[in-house]
Each structure stands twice: as structure tokens, then as C-alpha cells.
Amino acid sequence: MTHLGYLMAGWGISLVVLGGYAFRLVRRGRSLSALVPEDRRRWLESSGTDSD
Amino acid sequence: MAGRDERPGNTGSRGSRLLGCVALASLVVLGVLAFFLTGPDVRLHPTTGEEFGQFDAVRMLYLHVPMAVLMYASFMLCAAASVGVLVKRTPWWDVMAHSTAEVGTVLCGLVLVTGSIWGRPVWNTWWEWGDVRLMTTLVLFLLFAGYLALRRTTTDPRRQERKAAVVALVAVLDIPLVNRSVAWWENRTLHQRSTLEELKIQDLTLFTLMFGFLTFGLVVWWLTLQRFRVGWLERAAIDHAVGSAIAERRSETSADELDAAIGVTDEQAGEASP
Amino acid sequence: MSEVRRFLADARMVAARDLRIEFRSRVVVGQVVPFALLVLVLFGFALDADHRTLRTFASGLFWVAVLLSALLAVHRSAALEQSDGTMDALRMSGLPPAALFIGKATAVFVQLVLLEVVLLGGLLVLYGVQVVDPALLVVAGLLAGVAVAAAGTLYGALASGLGVRETLLPILLLPVLAPVLIGATRAFDDALGAVAVDGWAWTGLLAVAALIATVVGALAHGVLIED
């Protein structure tokens, strides 16, 4: 296969960045969930109670 | 959200977990299609019979092109949500605008990186100043980097949701101008108008590309959903922190004492603390 | 009709106020204009003092110097509203936000034109350029000035009150002005006879950019000063 190094770099960087971003989102979601009472955590359940 | 767990201690729900698993599986299938089932782009020159084409570098496009399309889709959604912020001023639109902008910026960075890595073997350069799409994408990245910088200047997103909406709309309005100006600037483009048309579009090549759109559609959907939930939690956490701080203050002094101190009668106090 | 006239009178009042403050404090004349000339001199040092090199890049260096200096002028313009509760007073005054915007942008525009004139003098003397098409030079310079002043005023209002205005303003404003930089540089290339391009076509692009920046700025200003 030609250009294998380029391909590995491109696909590798993309997957690592997307995976890292997803991981950070999940972790941040977990730590924030601990701060919020259960009934306010999701949009559907807490709609109307926010500041609008 | 119907299929949600009983006690969500995270941003997952049964629906989003399923979505995430399907997206991951499609990524794996996309990788197999791109690397093992499709062939390299090799063409024969009609007169000399020489081999030319992108060879195996074409496999980068199955990643690059879908990410670029989904990047534009994200920014379009961000612009639409920003209009929603200005018109309706509800938190849903603002969290949506912030989420799509952030996901779009991540994709935009990756599109630039993968494009640059692809350009090295195919165009023989990492960076081409005269290319319209390349330069437009770079400016787009910088514009939304500015947007995210603005959003990071405060922990309470409500304080600047409308400012951010204006920045997002100006950024999207600016894009046609950037595109036209760069097009006239060099009046040539390396991005063959037909990067895709020019390839020998075999059925499997086309299918892989379409599958790439589908895959990244799912990935971006999952990321945006998660980011939306995080954004929603950020707001709820601020509200809750403010609420409990007030409650704490109240409990330090007796309620009557407090009401007397700020001059509230019993009736008013009843209304004010539901 | 009378509403239009009142709007213009309001805008003129704001512009006159900003220019009067500038006339008394001389921040732009005393600090921003010398800074712009300093940038021209630094380009000369950095690019080797060869007249031919400098002439080739004169229009680009000119507009980079204008943009960098415009950032300072916009800072100054936005800072005027931050002191002594001016913003609250303006909100209470019932002045239409669009008139406030047009007034402030006009004041910045006047200062930018002054800056451009001085910089052009620097270009003629220090870089030895020759003006081939004065009409194109003037029209392109004015239109680009409008675009920079309008976009700058909009983002100045947006970034003010955030506490990080100094660092936030450039990264918000400069990418938006990328098309203006390209267009103005190309138009000046033609006007200075450096590169054979159609400068008037680029002036058309500058006109579109100026129009969009002014309209969007006037519409959005109410949103920005309200928050």
C-alpha cells in the first residue's frame, strides 16, 4: 500500500482527537451530574424550570 | 427521553448508548471498507499508458470528505440556533448553538489536518495558499475559535448568549465573502472541482463514501447530543449552586430574623419562597 | 423624513462627542498614528531596506499596519463607553442603538482616514511608491475604512465589559476582516501599479463588505449594548 504513513497519521489523529473529545464530554457530564439534582439533569424533565 | 435510565449519573441514556454503539460499529465498518475492500485510485494515461492517480492516498478522502460535509452542517445548525437565540431567547437554542459550534470546530480542525496530510503526497505540498476551499476552511476555523474563546470568558453562559449569537451569525455571513475574495485572489484552485468525479467511481468507492457520510452523521449526532447534555448540566449546576447558596445563607439565620432584616412582611415572604 | 433627520442628528452628536474627546486627549494622533508609522519602519528593517522589495509589498504592509492600528483605535473607542458609567447614561438616554453605532463608527472612520493619509505619506517617502491611479486609491481606501470601522465598532461593543477585551478583540475581529484585507491590498496593488489586477473589481468587493458590516452592525448593536 502506498502512502501508508500519511494514511495512518490522518486516520490516527482523527480517531484519537474524536475519541479524546468524546471521553472528555462523558467525564465532564459525569462530574456535572453529581452537582445537579436528578430532576434537573435533562432538558425534557427540567424544561420550564430554567430561567426562560 | 423515553429510554432513559432510572438514575442518570452521566450524560448517557439508553437511546444515546445505542446510538454511540452503532456509530462506533459504523466507524469500524468504514475503516474496513476504506482500507481493505476498496482499491487504490490508479488510472492509465490513454496515450502513454502510464499509471497515474492518487493511489492509496484516496483512502484519506473517505474520512476527510464526510468530516468536511458534517462540519458545514454543524456550522449551519449553529447559525440557525443563533437565530433562535436572538428571536426566542430560550436556553435550548443557546445550548444548541454552543454545542454545534464546538463539535463543528473540532471537525474543522480535523478537516484541515487530514486535508493537509492528504495534500502532501497528492499535491506535493502540505499547504497551498491559492486554494479556495483550504483558505476558506482555515478562516472558518479561526472565526469559530474566536466564538469559542468568547464563550470561555465566563462560566455563566447566560451572560453572553446573545453576543455569541451575533458572533456566530457574522462568522457565517462572512464565509461567502472570504470564499469569493480568495477565489479572485488566486483565481485557481488545486481542489479539482472533481476530486470525486474524477475518480473512477466504482460502485464500491461511491458506497464507501456514502457510508462515510452516514457514519459521521451518527458520530456527530452522538457528539452533539452529549455536548448538549453537558451544556444543559452546566446551566443547571449554576442554578443549583446559586439556589443552594441562598438556602444556606437562609439557614444560618432564622427565617423571621432574615425577613425582618430585609423588611419583608410575612405575606411577601410566603410568595417569595415557593 | 423627520425621523431620518433625527436619526442622523443623533448619530452626528455621538460622532462629534467621540471626536471632541479625541481632539482633547489626542490618543489616536499622539499614540496610534506613531504606532502605525513605527510598524512601517519595522517592516522596512525586517524586509531589508531594499526599495524594490518594499515597493512590491507596499500595499500589503500598508493594510496590515492599518489593521493593527485600527485595533488600538477600536479599543480606545470602546473604552470611552466604559468610564464614568457612560454606558448606563446612554442606555437611559433613549438614543437609538443604531444611531449610537453609526455615530461611533463614523468617529472611528474619520480617525482611520487620518491614519491612512499619514501612512500613505510614509509609503511615498519611506518606501518610494508611486501612485498610478489616485481615484482608485481614494475610493478603495475609503470603502475599506468604512468596513474596518463598522466591523471594529461592532466587535468593540461586543468585547467591552468582558474584562479580556485586549486579547479577545483581535481574535474576533481579524478573521472577519480577512476579505477586506485581501480586497484592499489587491486594489492598492493596482492603484500603486505594483501588480496588474483589476482594482475596481476588488473595490466592488470592498463595497459589499462595507455595506454588510454597516447594516449588520447597526442591527446588532441594540442586542450588544443591552446585555
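The following paragraphs describe selected features of chain B in a predicted model, together with its contact with chain C.

Helix packing within chain B is illustrated by helix H1, residues 14-37, and helix H6, residues 203-252, whose axes come within 9 Å and cross at roughly 150 degrees. Because angles over 145 degrees count as roughly antiparallel, H1(B) is assigned a roughly antiparallel orientation with respect to H6(B). The crossing of these two helices, H1(B) and H6(B), is left-handed. On the side of H1(B), the residues taking part include Ser16(B), Leu19(B), Gly20(B), Val22(B), Ala23(B) and Ser26(B), and those that they and other residues of H1(B) meet in H6(B) include Leu204(B), Thr208(B), Phe211(B), Gly212(B), Trp221(B) and Trp222(B). When the residues of this contact between H1(B) and H6(B) are sorted by class, 16 are nonpolar and 6 are polar, while no charged residues are found.

A hairpin is formed in chain B by strand S1, residues 41-44, and strand S2, residues 51-55, which pair in the antiparallel sense over 3 bridges. Within this pairing, Leu44(B) stands opposite Glu51(B) of S2(B). The strands S1(B) and S2(B) are separated by 6 residues in the hairpin, where Gly49(B) takes a positive phi near 80 degrees.

The loop between helix H3, residues 91-122, and H4 of chain B contains Trp126(B). This tryptophan, Trp126(B), counts as exposed because it has 10 C-beta neighbours inside 10 Å, the cut-off for that class being 12 or fewer. Leaving aside residues up to four places away in sequence, Trp126(B) touches Ser116(B), Gly119(B) and Arg120(B). Relative to Gly20(B), which is among the residues of H1(B) that meet H6(B), Trp126(B) is 106 residues apart in sequence and 33 Å apart in space, taken from C-alpha to C-alpha.

The contact between chains B and C takes 23 residues from chain B and 21 residues from chain C. On the side of chain B that touches chain C, helix H4, residues 132-151, and helix H5, residues 161-186, each supply at least two residues. Of the elements of chain B, H5(B) gives the most to this side, with 13 residues. The class composition of the side of chain B that touches chain C comprises 15 nonpolar, 4 polar and 4 charged residues.

How values were computed. Residues numbered from 1 in each chain as written. Chains lettered and ligands numbered in written order. Predicted model: local features only at pLDDT ≥ 70, side-chain atom pairs only at ≥ 80, totals over all residues. Pairing = 2+ DSSP bridges. Helix = DSSP H or I, 4+ residues; strand = E, 2+ residues; numbered from the N terminus. Contact = placed C-beta atoms within 7 Å. Nonpolar A, V, L, I, M, F, W, Y, C, P; charged D, E, K, R; others polar. Axes fitted to C-alpha atoms, helices over the stretch in contact; angles between N-to-C directions. Parallel < 35°, antiparallel > 145°, perpendicular 65-115°, else oblique. Left-handed = near helix turned anticlockwise from the far one by under 90°. Buried ≥ 20, exposed ≤ 12 C-beta atoms within 10 Å, placed from the backbone.
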